[in-house]
Amino acid sequence: MTADTAQSLARLAAERVDHRFKGLPPDADGLTVAELAGQRRNLFTGGFATPVLALSAERLEHNLKLMETYAARHGMAFAPHGKTSMAPQLFQRQIEHGAWGITLAVPHQVRVARAFGTRRVFLANELVDAAALRWIAAELDADPDFELVCYVDSVRGVELMDAALQGATRPLDVVVELAAGEGARTGVRTEAEGAAVADAVAGTRTLRLAGVAGYEGEVPKADTERVTAWLRRLVALAAGFDEAGRFTGVDEIVISAGGSAWFDAVAEVFAEIPGLSRPVLKLLRSGAYVSHDDGHYRKLTPFNRVPEEGALEPAFRLWTQVVSRPTAGQAFVNAGKRDAAYDIDLPFAQVIRRDGAERPATGVSVTALSDQHAWLATTPETDLEVGDWVGLGLSHPCTSFDKWQLIPVAEADGTVVDYVRTFF
């Protein structure tokens, strides 16, 4: 950890707890985050107010170690996507667990990462905002240890970037983004378009072609065969650029892909990359692993296909309380759209706590969310009362983290050992 990073994280620990941070004990107002963490309060008996989102300390550490091991085993560098958590404390833990750097999507996220000393950023977007480009150029000029790689996918984009970067001391490293197919998201659609973009980069003094990249999660009707074919096309694009002598002035060639659903295919294809004129930085960017989930990624994780490689564990749980039990078939808890991800799946009722005892939420399901309530359907025999705590599993980490500014990290017995600050 650099001195700058340590100082920035120390400032987070010195922040005062107050009304901004939902779910925290009201009697903690005025304490610093470090002081509150030092009290090691219990999530269930220490004054926390429902709803409250918690991260499992043990599962978080398990996931960090597993992906560190996975990337190393397959000879890949790892730049996990930071937009999942936007939590500098987790960025630092990911880096301590072997990450090459952090992937981000928009300039605001880069500013957050830089404020906490992140030295390597992969910006998975074409950046054409002149003000942001000038800021990045100033960061590169001021800090020789700062590295940033950015997408390009159009000649027009190259022109705008070049205009904004005039006067910069260091060139900005860029990778040509290959689209995942017709009708997919961003990126060049054809190899000829990619060559035109690469030629445009070569015609500037402000940009330097460093490699190629893309996102296989956008492959239409994705399956192993289609994703693998696209990844081989991405590798072939890099090889073609190299054969044409397009990678001048760089020490290594970046080839990057990898969301959270197909990193096994990325590992397989990247293992086939032929010898190029320079060493290859095989850069994986999966981000949702850090917390994993109980829905979307639990179904999609590649570890379902390669169980011998390990298994991620869902680390989030949203604790709520039953505030109404109007009929034997219905109940309401005090968490809704303001608190829980709902863009892909509704939350999942998992456990019920009463008088310190925890049991499975058998016969309980979430059927809808209002702004501040979850609608529960219950079977007639379900033992559920007003005041019971109900633990909900969540789907899609990227829209879970963003609803909470300060998240308790709790051990299995409920002891809260840390707090994770987010910046969305």
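Let's start inside helix 9, residues 224-243, where Leu-231 sits. Keep in mind that this is a predicted model.

How accessible is Leu-231? Its relative accessibility is 0%, so Leu-231 counts as buried. What touches Leu-231, once we leave aside neighbours within four places in sequence? The contacts are Glu-216, Ala-257, Ala-265, Val-266 and Val-269. For a distance check, take Val-149. Val-149 is 82 residues from Leu-231 along the chain. Their C-alpha atoms are separated by 20 Å.

Next, helix 8. This helix covers residues 191-202 and holds Ala-195. Setting aside residues up to four places away in sequence, Ala-195 touches Phe-241 and Arg-246. Ala-236 is 41 residues from Ala-195 along the chain. The C-alpha separation for that pair is 12 Å.

Now zoom out to the whole protein. The count is eleven helices and 18 strands. The C-alpha trace spans about 70 × 45 × 35 Å along its principal axes. How does the radius of gyration fit a compact globule? For 424 residues, such a globule would have a value near 22 Å; the protein has 23 Å, so the two agree.

On burial, 55% of the 424 residues count as buried. The accessible surface comes to about 17,300 Å². Carbon and sulfur atoms own 50% of that surface. Then there is contact order in the loose sense. Take contacts between residues at least 6 apart in sequence; 70% of them join residues at least 24 apart.

On to empty space. Rolling a probe the size of a water molecule over the atoms shows where space is left. Here, a search of the whole structure finds three cavities of 30 Å³ or more. I will take two of them.

The largest cavity has a volume of about 40 Å³. Which residues line the largest cavity? They are Thr-5, Pro-88, Phe-91, Gln-92, Ile-95, Phe-116, Gly-117 and Thr-118. By class, that lining divides into four nonpolar, four polar and no charged residues. Which element gives the most to this lining? Helix 4, residues 88-96, with four residues.

The second largest cavity also comes out at about 40 Å³. Its lining is made of Ser-260, Phe-263, Ala-288, Tyr-289, His-292, Tyr-297, Thr-301 and Leu-312. Five of these lining residues are nonpolar, three are polar and none is charged.

Back to helix 4, since it came up at the largest cavity. Its buried residues are Pro-88, Gln-89, Leu-90, Phe-91, Gln-92 and Gln-94. Pro-88, Phe-91 and Gln-92 are also among the residues lining the largest cavity. In general, an α-helix has 3.6 residues a turn, so residues three or four places apart point the same way.

What covers the buried residues of helix 4? The cover includes three helices' worth of material to look for on screen: helix 1 (3-13), helix 3 (57-73) and helix 5 (107-115). Two strands are included as well, strand 3 (102-104) and strand 18 (416-421). Just after helix 4 comes Gly-98, with a positive phi of about 95 degrees.

Last topic: backbone oddities. Two sit in one loop, between helix 2 (33-39) and strand 1 (52-56).

The first is Arg-40, which is found in that loop. Arg-40 is not a glycine, yet its phi is positive, about 50 degrees. Is Arg-40 buried, exposed or partly exposed? Its relative accessibility is 46%, so Arg-40 counts as partly exposed.

The second is Pro-51, also in the loop between helix 2 and strand 1. The peptide bond joining Thr-50 and Pro-51 is cis. Omega there is about -5 degrees.

A further positive phi belongs to His-396, at about 80 degrees, and again this is not a glycine. Where is His-396? It lies in the loop between strand 16 (389-393) and strand 17 (406-410). The relative accessible area of His-396 is 13%, so this residue is buried. The cut-off for buried is under 20%.

To recap the backbone points: a cis bond at Thr-50 and Pro-51, and positive phi at Arg-40, at His-396 and at Gly-98.

Definitions and conventions. Residues are numbered from 1 along each chain as its sequence is written. This is a predicted model: local features need pLDDT of at least 70, side-chain atom pairs count only at pLDDT 80 or more; totals for chains, interfaces and linings use all residues. Side-chain values use heavy atoms; hydrogens and water are left out. On a 1 Å grid over the protein atoms alone, a cavity is a set of points where a 1.4 Å probe fits but cannot get out, and a pocket is an open set with protein on both sides within 12 Å along at least five of seven lines; lining residues have an atom within 4 Å of a point. Grid points are joined across faces, edges and corners, and a volume is the space filled by probe spheres set on the points. Ala, Val, Leu, Ile, Met, Phe, Trp, Tyr, Cys and Pro count as nonpolar, Asp, Glu, Lys and Arg as charged, and the others, Gly among them, as polar. The radius of gyration is taken over C-alpha atoms; the globule rule is 2.2 Å times the number of residues to the power 0.38. Buried means under 20% relative accessible area, exposed over 50%, partly exposed in between (1.4 Å probe, protein chains only). Contact means heavy atoms within 4.5 Å. Accessible areas come from the Shrake-Rupley method with a 1.4 Å probe; for residues, only the protein chains shown count as cover.
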